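Colleague: Got a minute? I'd like to go through the strands in this one.

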Amino acid sequence: INVIYNDSFIYSVNVNGSLVKFNNENGKQVEKYKINQKIKNKIPVSFSLIDNDFIIGFKSGEVIRVNKTGDIKWTFKKNNLLNTPIKHLNDNIFILYPENIVILSSKTGKVIFEKKYKSSNIIQSSGGKIFDYFNLIFFILPNSEFNVIDVFLFDEHYSELSNLNLKTSLNNLNDKIYVYKNILLYLDNNSILNAYDLKKNEFILSNYIINDLNSPVFFNNSLIDRNEKNINFYNINTGKIFLEINIDKILKNDSKIIKVLNINNYLHLFTNEGEILILNNKYEIDKKIELKIKNISKIYSYQDKIFILSNKGFTYIY
């Protein structure tokens with residue numbers, strides 16, 4: 001689970017459901033606050049900061065709001081598996097259960113909207129995915145159902161996007177959704193790209209097949225991927241490669257790109273094996289850095305810092 005950097009301290013939640021506070025300079029534990037709430041499964045799956053309070057979602061399906069000393073402000077209980085990080089938008093929080101989306105008031109924890117989407121698909125252990133665009137929420141439930149909610153009307157939003165024809169398989173872990181400016185991208189089964197213009201309400205690309213994608217990552221107007229010899233940049237409007245960078249013997253053969261960040265006008269490509277490939281503004285390789293961190297699960301930036309999470313539960317801050 002992610003950590004939160006706030007007021008010169010680092011906060012997280014441990015597997016016992018306790019709020020833990022760390023020193024930001026040496027990473028040592030400062031305080032641990034036990035949350036006095038009976039929770040069936042205290043393994044946290046979501047941790048976020050809202051108005052100086054924390055919203056914590058647990059695998060049991062329960063969601064709570066606590067202050068910085070672990071005092072509970074409200075609790076929402078649902079007897080269902082939760083394995084997707086919670087999203088916060090306009091004083092509301094959005095929760096994806098296997099077959100349900102639930103919208104709560106972040107202030108009171110009361111249900112504003114709830115809808116169930118039944119499916120015969122397998123529930124994905126990695127959870128769902130969610131993105132927003134103005135008043136629209138796009139989401140893939142863990143049962144692979146894709147839908148759109150209008151948060152002004154708190155109802156389903158219907159458009160040509162409803163005609164999106166997705167390939168249903170036993171494993172949809174590789175499906176991705178992404179919004180860049182007014183373009184919604186849906187990468188289906190790691191091989192079929194759909195691009196939809198949200199202003200014009202029309203498809204730019206429909207079921208466009210891209211073969212042999214290994215670890216695709218969306219970044220601005222590009223889909224970035226690598227194979228054995230090259231890093232390829234695909235144009236999201238055409239699906240065509242517009243740039244190839246040779247990486248033969250530069251990156252490990254089995255490493256995958258998991259994050260792309262623009263830092264000081266240099267493009268930084270991070271792999272799950274702790275490699276950073278730095279490109280200049282001409283897309284030439286400027287430098288390669290070895291972090292000596294293996295099995296990276298997640299990378300994100302926050303308050304001019306980079307947080308790197310490993311599969312072993314360690315968080316590294318740069």
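Modeller: Let's take the sheets and a hairpin in turn. Keep in mind that this is a predicted model.

Colleague: Fine. In what order do the strands β29, β30 and β31 sit in their sheet?

Modeller: The order is β29-β30-β31. That sheet is open, and its pairing is antiparallel.

Colleague: Which strands stand at the edges there, and why is one side of each left without a neighbour?

Modeller: β29 (296–302) and β31 (315–317) are the edge strands. Each has a single partner strand, so one side has no neighbour in the sheet.

Colleague: How many degrees are neighbouring strands of this sheet turned against each other?

Modeller: On average 20 degrees, direction ignored.

Colleague: And how many bridges pair β30 with β31?

Modeller: Three, with β30 covering residues 305–310. At that pairing, L309 faces T315 of β31.

Colleague: New topic. What do β11 and β12 form?

Modeller: A hairpin, with five residues between the two strands. In the turn, G109 has a positive phi of about 80 degrees.

Colleague: How many bridges join β11 to β12?

Modeller: Five, linking residues 100–105 to residues 111–116 in antiparallel fashion. One pair to look for is I103 with F113 in β12.

Colleague: Last one. What is the order in the open sheet of four strands?

Modeller: β25-β26-β27-β28, paired antiparallel. At its edges are β25 (257–263) and β28 (285–290), each pairing on one side only. The twist from one strand to the next averages 20 degrees.

Colleague: Which residue stands opposite I263?

Modeller: Y266 in β26. β25 and β26 (residues 266–271) run antiparallel and are joined by six bridges.

Note on methods
Residues numbered from 1 in each chain as written. Predicted model: local features only at pLDDT ≥ 70, side-chain atom pairs only at ≥ 80, totals over all residues. Heavy atoms only, no water. Pairing = 2+ DSSP bridges. Axes fitted to C-alpha atoms, helices over the stretch in contact; angles between N-to-C directions.
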